[in-house]
Amino acid sequence: ATSASLGHTPPPTPTAIMLLVDGEPVPCSSPEGSSGRELVAALMGNPGLRAASERLRAAPERTVPSGPEGPRHVYVFQREYATVDPARVEVRCAQLVGTDEMTTCVGVAIRNNKTGMTSISHMDFPKIVEGGFKQMLELLGDDDEPFDVHLIGGFDDASTKVVYSAGGKHSIQEGYSHPLCFKIVEVLHKSQQRFHLRSFCVLGINTMTDSYGNARPIVGGFVMQTSSGVVTPASFDITSRCPDEIVRRIRVSVSSYDPNWRGKLLETYNTHADIFQIAPACWMPDWAEMASSHNQLSDSEVLLQCSTSPAAEPPHFVETERRIWKYLIENPDWEDAFPKYKPRVFHWTNDGRWSRHS
């Protein structure tokens, strides 16, 4: 497959950072390197990457089941990441790693082809990108060979806004996916680790228009086979987005106010111990009141007030929000979920499910 290389090896003398696309360097506009916007524009025009995206979009979506009948998998929610070692022989390792529900978010998968170590994340905001990549690379090892990287998700959600200032009238693009993609590509490009960009199914390449004229993503989820590194579109359901779905979703919101998680992705799966370890999070008692108030909203109001992309959310979005609010109403004290501020730990059982041990 045609690929593009991102990143560089630090040169012995200062020089402009270069982006390699199909082996050809793209000159940077400044000694500090191209902006994320320029890099994305160069990648969007690469024929090989566009062809790879077309194949990915055309591939049938895989529905990932849970339980003994399905392949063992590690799922990450928004702002989470997980690293999986498929070479572990002492356990039945995860065959798949994946995520879905990506509208304005971007899924990132990085794989060390020599060891098979794979890290996956669901990035949602530019400020967590730099720290998030450091977390993802931590267990992948040092290697002179480039790591494979896949960027999937996000769509052309930008709208044009006319702004008036002292200099006159000008237009700016507003949206969530574009700034996120710009930051991701910029951080990859400036990394000392080299990368081969295998999938770049984002923004305009990943955008369709529904019958109402609304833009929405074509690929909103994917899985990677840990043994081969093959990526395919995928979707999960309420049983396979596990374990501890609701608490993990609440943790995403809570982490925005917790300085301990500032600029970081949320840890989930410990590949060395083969456990899910959900770090503790706490919320204020008035969250139950806010949840009760939100629960009075109509479905359309829930979409408008709780989503960055109301017209692009999956059908279960509103139901999921109401399940979160129900949990907060019934558990106003965060210690009900995290007694003594201890993590929630889940082990894999012989009957093919995750069971909470603490």
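A student and a tutor go through a predicted model, one local feature at a time.

Student: What should I know about numbering and cut-offs before starting?
Tutor: Residues count from 1 along each chain as its sequence is written. The model is predicted, so local features need pLDDT of at least 70 and side-chain atom pairs pLDDT 80 or more, while totals for chains, interfaces and linings use all residues; side-chain values use heavy atoms, without hydrogens and water.

Student: In what order do the five strands of the open sheet run?
Tutor: Strands are DSSP runs of E, at least two residues, and helices are runs of H or I, at least four residues, both numbered from the N terminus. Two strands pair if DSSP finds at least two bridges between them. The pairing in this open sheet is mixed, and the order is β4-β17-β16-β7-β5.

Student: Which strands are the edge strands?
Tutor: An edge strand here pairs on one side only. The two are β4 (62-63) and β5 (73-75).

Student: Do β7 and β16 run parallel or antiparallel?
Tutor: Strand β7 covers residues 96-99 and β16 covers residues 222-225. Valine 97 stands opposite methionine 224 in β16. Glycine 98 has valine 223 as its bridge partner there. Four bridges join the two strands, and they run antiparallel.

Student: Which residue stands opposite glycine 98 in β7?
Tutor: Look to β5 for this one. Three bridges join β5 to β7, and these strands run parallel. The residue opposite glycine 98 is tyrosine 75.

Student: Which residues of β7 point the other way from Leu96 and Gly98?
Tutor: In a regular strand the side chains alternate between the two faces of the sheet. In β7, Leu96 and Gly98 point one way. All four residues are buried, and those pointing the other way are Val97 and Thr99. Buried means under 20% relative accessible area, exposed over 50%, and partly exposed in between, with a 1.4 Å probe and protein chains only.

Student: Is glutamine 95 buried, exposed or partly exposed?
Tutor: Glutamine 95 sits in the loop between β6 (80-84) and β7. Contact means heavy atoms within 4.5 Å. Leaving out residues up to four places away in sequence, glutamine 95 touches Pro71, Arg72, Met224, Gln225 and Thr226. Its relative accessibility is 39%, so glutamine 95 counts as partly exposed.

Student: What span should helix α2 have?
Tutor: The expected span is 1.5 Å times one less than the number of residues. Helix α2 has twelve residues, 47-58. Its end C-alpha atoms are 16 Å apart, which agrees with the expected 16 Å.

Student: How wide an arc do the buried residues of α2 cover around the axis?
Tutor: Gly48, Leu49, Ala52, Ser53 and Leu56 are buried in α2. They lie on the same side of α2, because the arc they cover is only 135°. That arc is taken from the directions from the helix axis to the C-beta atoms. The face turned away from this buried side carries the exposed residues Pro47 and Ala58.

Student: Which residue caps the N-terminal end of α2?
Tutor: A polar contact is a pair of N or O atoms within 3.5 Å; within protein, one must be able to donate a hydrogen and the other to accept it, and residues adjacent in sequence count only if both atoms are side-chain atoms. A side-chain oxygen lies 3.2 Å from the backbone nitrogen of glycine 48. That oxygen belongs to the capping residue, asparagine 46.

Student: Which backbone nitrogen lies 3.2 Å from a polar side-chain atom of serine 177?
Tutor: Serine 177 lies in helix α4 (residues 177-190). With a relative accessible area of 0%, serine 177 is buried. Beyond four places in sequence, its contacts include Thr103, Asp157 and Leu203. The nitrogen is that of phenylalanine 155.

Student: What is phi of leucine 203?
Tutor: Leucine 203 is in the loop between β13 (195-201) and β14 (207-209). Its relative accessible area is 2%, so leucine 203 is buried. Although leucine 203 is not a glycine, its phi is positive, about 50°.

Student: Which residue does a cis peptide bond join to cysteine 242?
Tutor: Omega of this bond is about -5°. The partner lies in the loop between β17 (231-235) and α5 (245-255). The residue is proline 243.
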